Amino acid sequence: MPTASPSRVDVTAEAAAFLVDLTARHGPLMFHQSGGCCDGSSPMCYPVGFFRLGTVDVHLGDLRIAGLDPIEVHMSRSQFEYWKYTHLTIDVVPGRGAGFSIESPDGRRFLIRSRLLDDAELTAFDLAGAPEERGQPSTSALS
């Protein structure tokens with residue numbers, strides 16, 4: 001039996017249930033991981049087509065939620081360079097979202113929980129090996 005390929009993104013059960021509700025009200029959705037500024041570093045949720053993606057955006061993966069079309073998750077390429085060794089999980093917590101994210105008026109906000117990629121994920125995403133082998137300085141070279 002084939003195993004599922006690793007993903008850079010996931011969603012908690014509570015966030016998935018909230019996305020089902022939001023999709024029923026607003027239609028198909030997508031995420032763009034904000035890089036800071038006004039909204040900090042927040043996953044911003046938009047109706048598909050509301051946020052214009054560009055050639056500088058990286059498609060991290062899709063959230064697979066029963067009953068919904070896949071929900072794409074994107075981030076800018078420059079931010080991805082800092083986050084490429086992390087797995088991101090979209091969660092939802094009480095509080096007011098900022099900016100134009102679709103959940104803003106509902107008294108809840110999306111947030112990112114992150115962890116470092118495990119060895120199997122590093123290999124799958126071609127990030128395994130010593131930093132020097134990946135063309136990056138080692139941490140000892142940075143101190």
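User: Happy to start with D126 in this predicted model. Between which two helices is the loop that holds D126?

Analyst: This is a predicted model, so local features such as this one are given where pLDDT is at least 70. D126 sits in a loop, and the helix that closes this loop covers residues 139-142. The two helices on either side of D126 are α3 and α4.

User: Is D126 buried or exposed?

Analyst: A residue counts as exposed when its relative accessible area is over 50%. D126 has a relative accessible area of 68%, so this residue is exposed.

User: And what is the phi of D126?

Analyst: Most residues other than glycine have a negative phi. D126 is not a glycine, yet its phi is positive, at about 60°.

User: Let's step back to helix α3. Which residue far along the chain is paired with A120 in a C-alpha separation of 8.1 Å?

Analyst: A120 belongs to helix α3, which spans residues 119-124. With a relative accessible area of 54%, over the 50% cut-off, A120 is exposed. Its C-alpha atom is 8.1 Å from that of a residue 114 places away along the chain, and that residue is P6.

User: Now the sheet, please. What is the strand order in the open sheet of three strands?

Analyst: The sheet is open and its pairing is mixed. Its edge strands, each pairing on one side only, are β1 (9-11) and β7 (108-116). From one strand to the next the twist averages 25°. Read across, the order is β1-β6-β7.

User: How do β1 and β6 run, and how many bridges join them?

Analyst: One facing pair in these strands is V9 opposite L88, the latter in β6. The two strands run parallel, and the number of bridges joining β1 to β6 is three.

User: Which helix packs on the sheet, touching β1, β6 and β7?

Analyst: The helix in question covers residues 13-26. Its direction makes about 140° with that of β7. The helix is α1.

User: Good, so what about T86: buried or exposed?

Analyst: T86 lies in strand β6, which runs over residues 86-94. Setting aside neighbours within four places in sequence, T86 is in contact with R8, S114, R115, L116 and L117. The relative accessible area of T86 is 15%, under the 20% limit, so T86 is buried.

User: Which backbone oxygen does the side chain of T86 reach?

Analyst: This contact joins the side chain of T86 to a backbone atom. The distance is 2.6 Å, and the oxygen belongs to W83.

User: On to the interior. Which element gives the most to the largest nonpolar core?

Analyst: The core has 25 residues, and L19, F31, L60, L63 and F110 touch the most other members. At least two residues each come from β1, α1, β2 (29-33), β4 (57-63), β5 (71-76), β6 and β7. The top contributor gives five residues, and that element is α1.

User: Which residues does L60 touch, not counting residues up to four places away in sequence?

Analyst: L60 is one of the core residues that touch the most other members. Beyond its sequence neighbours, L60 touches R8, V9, V73, H74, M75, F80 and L88.

User: Let's turn to charges. How far apart are the closest N and O atoms of R25 and D106?

Analyst: This pair links distant parts of the chain, with R25 in helix α1 and D106 in the loop between β6 and β7, 81 residues apart. Both are partly exposed, R25 at 42% relative accessible area and D106 at 29%. Their salt bridge has its closest N and O atoms at 2.5 Å.

User: Which residue is linked with R25 and D106 in a network of salt bridges?

Analyst: By the rule used here, the count of salt bridges comes to seven. R25 and D106 belong to a network with one further residue, D21.

User: In the E81 and K84 salt bridge, is K84 buried or exposed?

Analyst: The side chains of E81 and K84 meet at 3.0 Å, N to O. E81 is partly exposed at 44%. K84 has a relative accessible area of 12%, so K84 is buried.

User: And which residue forms a salt bridge with R64?

Analyst: R64 is exposed, with a relative accessible area of 63%. Its partner is partly exposed at 21%. The N to O distance is 3.5 Å, and the partner is D62.

How values were computed
Residues numbered from 1 in each chain as written. Predicted model: local features only at pLDDT ≥ 70, side-chain atom pairs only at ≥ 80, totals over all residues. Heavy atoms only, no water. Helix = DSSP H or I, 4+ residues; strand = E, 2+ residues; numbered from the N terminus. Buried < 20%, exposed > 50% of the residue type's maximum accessible area, 1.4 Å probe, protein only. Polar contact = N/O pair within 3.5 Å; in protein donor to acceptor, adjacent residues only side chain to side chain. Contact = heavy atoms within 4.5 Å. Pairing = 2+ DSSP bridges. Axes fitted to C-alpha atoms, helices over the stretch in contact; angles between N-to-C directions. Core = buried A, V, L, I, M, F, W, Y, C linked by side-chain atoms within 4.5 Å. Salt bridge = Lys/Arg side-chain N within 4 Å of Asp/Glu carboxyl O.
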